[in-house]
Amino acid sequence: MSVSHASIHPVEDPTTTDGGNNNAPGVRMKDIQGMPGTKGGLALRLSQFVFAVTALSVMASTSDFASVTAFTYLVAAASLQCLWSLCLAIVDIYALLVMRSLQNYRIVISFAVGDGIASTFTFAAACASAGITVLIDNDLDSCDDNHCLQFETATAMAFISCFSALPSFLLNFWSLASR
């Protein structure tokens, strides 16, 4: 795994008046909570994972989700979001345990691209599932014959999972743009 190493930047030595007893802190990269390798980033990853697992399990618990393509797409997108979030949560845990910064350009770009792809798939699947759920509930009035509550719950959890991935994506994208 390619992790970033501390960079050394030329910094002027401040003049001291106490005979050279300088206890200034070392140069450190600015880690904003929510970025990879921070406690906030881990919290975002775990919330993405929990909401995606909830959407996946609620939708898969219905017997007739496979009969509608949008619901099958939601299961596939939630599965992708679960795997992506779990893998990055493990990387975040590792980075926190060994106290390493994950601000390497390649790592940040892969996190940003992966977050963008996974959240776009999840958002598209949630939108499609919401459309079918509205069709079943409001237009066809056949909620009594279907599992509308489970469909609505799974769709809502997919939306929340997608929106919890958004801060991570935006912070990674901002980090790339500010280099």
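Q: What do residues 156-177 look like, helix or strand?
A: In this predicted model, residues 156-177 are 100% helix and 0% strand. The C-alpha atoms at the two ends of that span are 32 Å apart.

Q: Where does that range come from, and which other residues does UniProt list as "transmembrane region"?
A: The range comes from an unreviewed UniProt entry, which places the feature "transmembrane region" at residues 42-61, 73-97, 109-136 and 156-177.

Q: And how far apart are the ends of residues 42-61?
A: For residues 42-61 the end C-alpha atoms lie 28 Å apart. That span is 95% helix and 0% strand.

Q: Let's zoom out. How many helices and strands does the protein chain have?
A: There are four helices and zero strands. Read from the N terminus, the order of elements is α-α-α-α.

Q: What share of the residues is buried?
A: Of the 179 residues in the protein chain, 38% count as buried.

Q: Can we talk salt bridges? How many does the structure hold?
A: It holds one salt bridge. The partners are Asp 115 and Arg 45, and their closest N and O atoms are 2.6 Å apart.

Q: Which helices do Asp 115 and Arg 45 lie in?
A: Asp 115 belongs to helix H3 and Arg 45 to helix H1 (residues 39-60), so this pair ties together parts that are 70 residues apart in sequence.

Q: Is Asp 115 buried or exposed?
A: Asp 115 is buried, because its relative accessible area is 1% and buried means under 20%. Arg 45 is buried too, with a relative accessible area of 2%.

Q: Which residue of helix H2 has its C-alpha atom 9.9 Å from that of Asp 115?
A: That would be Leu 88, which lies in helix H2. Leu 88 and Asp 115 are 27 residues apart along the chain. With 5% relative accessibility, Leu 88 counts as buried.

Q: What about Ser 85, buried or exposed?
A: Ser 85 counts as buried, at 0% relative accessibility. This serine also lies in helix H2. Its C-alpha atom is 9.2 Å from that of Val 50, and the two residues are 35 apart along the chain.

Q: How far is Met 157 from Ala 52, in sequence and in space?
A: Met 157 and Ala 52 are 105 residues apart in sequence, while their C-alpha atoms are 6.6 Å apart in space. Met 157 lies in helix H4.

Q: Why does Met 157 count as buried?
A: Because its relative accessibility is 18%, and the cut-off for buried is under 20%.

Q: New topic: the surface. Which residues make the nonpolar patch?
A: The patch is made by Tyr 73, Leu 80, Tyr 105, Ile 109, Val 113, Ile 117 and Phe 121, and covers about 590 Å².

Q: Which helices supply those residues?
A: Helix H2 (69-98) and helix H3 each supply at least two of them. The largest share, five residues, comes from H3.

Q: Pick one for me. How does Ile 117 count in terms of accessibility?
A: Ile 117 counts as partly exposed, at 44% relative accessibility. This isoleucine lies in helix H3.

Q: Which residues gather in the patch of negative charge?
A: Asp 139, Asp 141, Asp 144 and Asp 145 gather there, on the surface.

Q: Where is Asp 141 found?
A: Asp 141 is in the loop between helix H3 (105-139) and helix H4 (148-177). Asp 141 counts as exposed, because its relative accessibility is 61% and exposed means over 50%.

Q: What about its backbone: what is phi of Asp 141?
A: Phi of Asp 141 is positive, about 50°, although Asp 141 is not a glycine.

Q: Why point that out?
A: Because most residues other than glycine have a negative phi.

Q: And what is phi of Met 99?
A: Met 99 has a phi near 55°, which is also a positive value in a residue other than glycine. Met 99 sits in the loop between H2 and H3.

Q: Is Met 99 buried or exposed?
A: Met 99 is exposed, with a relative accessible area of 75%.

Note on methods
Residues are numbered from 1 along each chain as its sequence is written. This is a predicted model: local features need pLDDT of at least 70, side-chain atom pairs count only at pLDDT 80 or more; totals for chains, interfaces and linings use all residues. Side-chain values use heavy atoms; hydrogens and water are left out. Patches are made of residues with over 30% relative accessible area and no salt bridge: like charges are joined within 9 Å, nonpolar side chains (Val, Leu, Ile, Met, Phe, Trp, Tyr) within 5 Å. Accessible areas come from the Shrake-Rupley method with a 1.4 Å probe; for residues, only the protein chains shown count as cover. A salt bridge is a side-chain nitrogen of Lys or Arg within 4 Å of a carboxyl oxygen of Asp or Glu. Lys and Arg count as positive and Asp and Glu as negative; His and the chain ends are not counted. The place of a charge is taken as NZ of Lys, CZ of Arg, CG of Asp or CD of Glu. Buried means under 20% relative accessible area, exposed over 50%, partly exposed in between (1.4 Å probe, protein chains only). UniProt positions are given in the numbering used here, feature names are shortened, and annotations may be inferred rather than shown by experiment.
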